[in-house]
Structures are given as structure tokens and as C-alpha cells.
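User: I'd like to go through the labels on this model and check what stands behind them. Could you take the empty spaces before the helix pairs?

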Amino acid sequence: MDKVFGPYRLRRQDRRVEGPDGPVDLSARAFDLLCVLLDKPGEVVSKDAIFAAVWPGVVVEENTLQVHVSALRKALDPAFIVTVHGRGYKYAGPRPVAKSDGSGPSDPASPAATGQPAQSRPSIAVLPFDNLSGDSGQQYISDGITEDITIELARFRGLTVASRLAAFHYGGKGKSPVEAARALGVAYVVEGSVRKSGSRLRITAQLIDAKTGSHVWADRYDRDLADVFAVQDEVVAAIVSMLEGRMAAAEAAIARAKPTASWSAYDYFLQGRELCNSNRELEAVPFLAKAVSIDSKFAVAHAWLATALLLSNLYANTAAPSLIAQADAAAGRALELDANDAASQWAKAMVLFYRGDNAGARPYFERALALNPADIQIQGDYANWQRSSGTPAKALATIDRLIAQGPFVPDWFATVRGLTLFDLKRYAEAVESFQSLPPHYIEAWLFLAAACAQIDDANGAEQALARLRELRPGLSLKDVARFKNYDDPELQEHFVEALRKAGLPE
């Protein structure tokens with residue numbers, strides 16, 4: 001049964017909403033959320049009830065729900081969806097009226113009916129390879145090889161590659177490869193295993209067609225540890241070749257610098273990157289430093305060392321000058337060794353960004369995204385750069401698009417979203433976005449204090465400042481003001497004045 005509310009008509013069977021200007025562009029989750037709210041007009045629907053209805057059986061960050069609520073408000077009338085703080089959301093628009101559908105259903109396979117975009121390229125996910133070494137302490141090896149294969153596949157513009165976070169969530173959770181593919185919305189999955197024994201490495205890999213469940217390709221490699229990158233290249237080339245009917249197989253010969261000839265350097269790199277992925281950059285630095293000390297030509301290790309140095313001691317969107325200098329040297333070396341690696345370009349962009357040189361950072365961010373458009377971390381940092389560059393509306397559109405991809409995005413995306421909402425003077429939404437704030441994100445605690453002050457929440461501002469005093473004793477407005485957080489001086493003054501109102505001492 002259709003529902004008409006104001007100038008809109010929700011066609012549940014066709015999974016679409018029609019407005020006065022034609023079809024309304026909504027994601028599948030936003031459509032489901034709208035259905036839940038329209039079924040109980042005027043009633044508060046708890047967040048738990050929404051999660052159970054829209055994301056059944058999936059653990060979802062609250063920030064994901066906020067993104068879809070924002071999408072509904074933007075697509076319809078902002079007044080239709082009301083936030084009831086601490087309780088949930090309710091539909092507060094014109095009373096929905098049930099109507100029979102006299103227009104006939106859409107083609108159920110059409111993008112409009114499913115709410116999903118048409119797939120023009122083969123889509124693939126690399127599920128985490130099993131660790132068959134019999135030693136849980138070697139899990140980082142199989143995870144690292146999985147991540148590297150994902151990165152290499154993402155280089156091919158003819159493929160749509162699922163993010164590492166999403167693939168790692170579904171892999172190894174008791175789901176079959178076909179079930180994981182359906183959950184991830186991809187046509188193919190790669191699965192495999194890794195066994196390290198002494199100086200030997202055995203890797204198996206299979207490419208599976210999610211539609212039929214059949215193996216398109218499978219192979220096993222039994223090599224010396226030093227051959228790990230050759231194996232990864234062979235796996236990627238084989239996968240691309242198997243899909244040559246959908247993309248140019250010649251791309252399988254894409255050139256890249258050989259990462260390292262040293263297994264020991266690679267092993268330290270894998271451990272360091274794994275720590276970075278867990279937001280433990282300070283612990284990661286010695287591992288990455290060891291990797292480049294063993295092989296000074298290991299470009300990607302230099303790149304990750306640069307970002308780890310930056311993020312290990314962040315304060316108010318900056319790091320200690322000595323750390324920035326070390327990070328700059330590492331990023332510069334990464335670019336010298338491999339300027340065609342996305343991580344190298346990303347590292348240089350981050351160094352310039354944290355120095356307050358947004359104009360200088362721009363070409364490096366754009367080059368990094370061109371080299372690896374599927375890297376969600378680079379995209380998230382790019383959104384933060386957009387915000388700092390004085391285009392918060394664009395930044396919000398970028399970060400909301402990323403969060404809407406699914407529940408498996410880095411937790412710091414919520415922080416970027418909160419900072420952006422503050423810049424847009426949407427303070428209550430900013431505070432809401434900061435609800436699950438990581439304890440060590442100093443910049444975010446500053447913005448939370450500022451946002452609370454702007455909505456006259458003195459208690460919330462004081463709690464945020466108390467946390468800041470624990471993290472940075474003696475922190476003052478002078479410390480914050482001396483760093484160039486924004487290109488626009490008005491945005492900088494807006495931030496400083498809000499912190500002054502919150503009670504940060506001069």
C-alpha cells in the first residue's frame with residue numbers, strides 16, 4: 001500500500017518515493033528508515049527499534065543513523081524528521097494517507113526499485129585470508145597480505161573494490177563467501193589462506209562468483225618469504241585476467257615499484273600498519289622505523305611512517321615541530337622512491353595539511369585519490385582538508401557519502417563530521433556526532449567544548465575541558481590560536497571565540 005504525505009508519495013512495493021519534481025533520490029537504508037517513521041507518524045521511534053528494522057543483525061555506529069536522517073531531511077522537508085534527544089526520532093510532517101497503487105510496479109530489478117545504483121563495473125571484495133600458521137601472533141601477516149591485495153586491486157579503474165573494514169567485518173564470521181558477497185553487495189569475492197613456516201610461505205587464493213557460488217579461479221603458491229610480493233602480483237593479475245570480459249586484461253601489467261626484497265622489513269611494516277589501523281600510531285612508529293632502517297628503499301613503509309609520526313602526537317590539528325619535520329622527511333623519501341603510490345602522495349598531503357598549508361596539500365590529496373579512489377581513509381582525510389580549506393558544505397557531503405556506504409567505516413569519521421557541523425554552526429548536531437568520541441582525540445574534545453558552549457551547555461563544555469586538562473595540562477587559548485586551523489580567518493576566530501565562551505583560559 002502506498003503512502004501519501006504532503007507532496008510526496010511513498011511506493012513501498014517499488015521502493016521509491018515520488019515528489020513534485022519527480023523521483024526522490026534516496027539510498028536503500030534511507031528509504032527503509034522513512035518507512036519505519038511513516039508507519040508511526042507523530043510517535044517517537046527509539047534508535048534501537050530503528051537499528052533492528054533497518055540494519056537487522058548488524059552492529060551499526062550511531063553516526064551512520066545520523067547520516068541517513070540528514071539525508072532524509074535534505075531530500076524531503078527538514079521539518080518532517082524531528083530528533084528527540086536521548087530517545088530517538090519521529091515523523092512530524094503531514095499525516096500520511098494510505099493509497100492503493102494504481103500505477104503499476106516498476107521493474108523489480110531496476111535501480112529505482114531497489115534503491116541501489118546500477119553496477120557498470122565488476123565489484124569485488126577480498127575477505128581476510130585465514131591464518132593457518134597455528135600461531136595467533138602471526139595473524140597480522142595474513143591480515144596484511146589481504147590488505148595489500150585489496151590495495152593492488154583498487155589500482156584498477158575497471159573494478160569496484162569493497163573497503164578493507166567492510167570485508168574484514170564479514171569475513172570469518174561464520175558466513176559463506178556467497179553470503180558475505182551478498183552482505184557487501186559485490187559480484188565476486190576473493191578468499192584464501194596463509195601459512196608461514198620457517199623461511200617458507202604458502203598462500204592459497206580463490207576467486208568466487210557470488211551469483212553461482214562457483215570457483216572462477218584458484219591457485220596455491222609455495223615460495224620463499226622474499227617472494228611474497230611476486231605472489232601478490234600473480235594473484236592480482238590472475239583475478240583481473242579472469243574478469244577480462246568486463247575490463248581490459250592488459251591492465252594486469254600495471255607497473256609499480258617493488259616494495260622490498262626483505263621479508264624482515266615487510267614483517268615490521270605489517271606490524272606497524274596493523275597498529276595504525278587500530279589507532280595506535282605511537283606504538284606503530286618504532287616498527288615502521290625499523291622497516292625503513294632494514295630497507296631504506298621501502299617506499300610505502302616511509303609513507304606510513306610519516307603518517308604515524310604525525311598522528312602519534314596530535315594537538316589542536318598539529319603536531320610537535322620536530323615530529324612534523326621527521327614526517328616531512330619520511331614523506332619526501334616515499335615520493336622519491338615511488339611517486340605513483342597513493343600512500344606516498346597521501347603522506348605528503350597530510351604533512352602539508354598539518355602544517356596549515358592547505359593550498360600545498362591539495363595536489364597531493366587529489367593525486368592520491370586518483371591513484372587509489374577506493375581508499376576510504378584518504379577520502380576521509382580529504383573531507384577534513386575540505387573543511388579546513390573553508391568549504392564545510394562540501395566536506396559534509398563527502399563525509400556523509402562515506403559514512404552512508406555502510407557501518408564499517410573508521411570511527412574517526414564521526415569526529416570529522418562533528419568538526420564540519422561546528423563550522424556550519426549546526427552545534428547541536430555537532431555535539432550529537434561527538435557522542436562516541438575516542439578518548440585520545442584532543443582536537444575533537446576541543447570542538448566538543450566549543451560546540452557545547454554555543455548551545456549554552458555549560459556542563460558539557462566543562463566536562464570536555466576537564467578531559468582536555470587531563471590530556472594536555474596547561475592548554476590555553478593562546479596555544480590554539482597560534483596554529484592555523486583554517487584558511488578563512490573568520491572560521492578561525494569563530495572557533496577561538498567559542499572556546500573562550502566554553503572557559504578555556506587565555
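Analyst: Sure, definition before count: on a 1 Å grid over the protein atoms alone, a cavity is a set of points where a 1.4 Å probe fits but cannot get out. By this rule there are 3 cavities of 30 Å³ or more. Keep in mind that this is a predicted model, where local features need pLDDT of at least 70 and side-chain atom pairs count only at pLDDT 80 or more, while totals for chains, interfaces and linings use all residues. Residues are numbered from 1 along each chain as its sequence is written, and side-chain values use heavy atoms, with hydrogens and water left out.

User: What is the volume of the largest cavity, and what does "volume" stand for here?

Analyst: About 70 Å³. A volume is the space filled by probe spheres set on the points, with grid points joined across faces, edges and corners.

User: What makes a residue part of the lining of the largest cavity?

Analyst: Lining residues have an atom within 4 Å of a point. For the largest cavity, Gln 66, Val 69, Ser 70, Arg 73, Thr 83, Tyr 89, Arg 417, Glu 429 and Glu 432 qualify. Helix H3 (62-75) and helix H18 (427-433) each supply at least two of them, and H3 gives the most, with 4 residues. Helices here are DSSP runs (H or I, at least four residues), numbered from the N terminus.

User: How does that lining divide by class?

Analyst: Into 2 nonpolar, 3 polar and 4 charged residues. Ala, Val, Leu, Ile, Met, Phe, Trp, Tyr, Cys and Pro count as nonpolar, Asp, Glu, Lys and Arg as charged, and the others, Gly among them, as polar.

User: On to helix pairs: why is H10 called roughly antiparallel to H11?

Analyst: The axes of H10 (residues 281-294) and H11 (residues 299-311) cross at roughly 150° and come within 9 Å. Angles over 145 degrees count as roughly antiparallel, so H10 gets that label against H11. The axes are lines fitted to C-alpha atoms over the stretch in contact, and angles run from 0 to 180 degrees between N-to-C directions.

User: What makes up the contact of H10 with H11?

Analyst: Contact means heavy atoms within 4.5 Å. Val 285 and Leu 288 of H10 are among those making it, as are Trp 304 and Leu 305 of H11. By class, this contact has 11 nonpolar, 1 polar and 1 charged.

User: And why does H12 get a label against H13?

Analyst: H12 (residues 321-337) and H13 (residues 342-354) pack at about 150°, with axes 8 Å apart. Therefore H12 is roughly antiparallel to H13 too.

Terms used: Helix = DSSP H or I, 4+ residues; strand = E, 2+ residues; numbered from the N terminus. Parallel < 35°, antiparallel > 145°, perpendicular 65-115°, else oblique. 1 Å grid on protein atoms, 1.4 Å probe; cavity = no way out; pocket = protein on both sides within 12 Å on 5 of 7 lines; lining within 4 Å.
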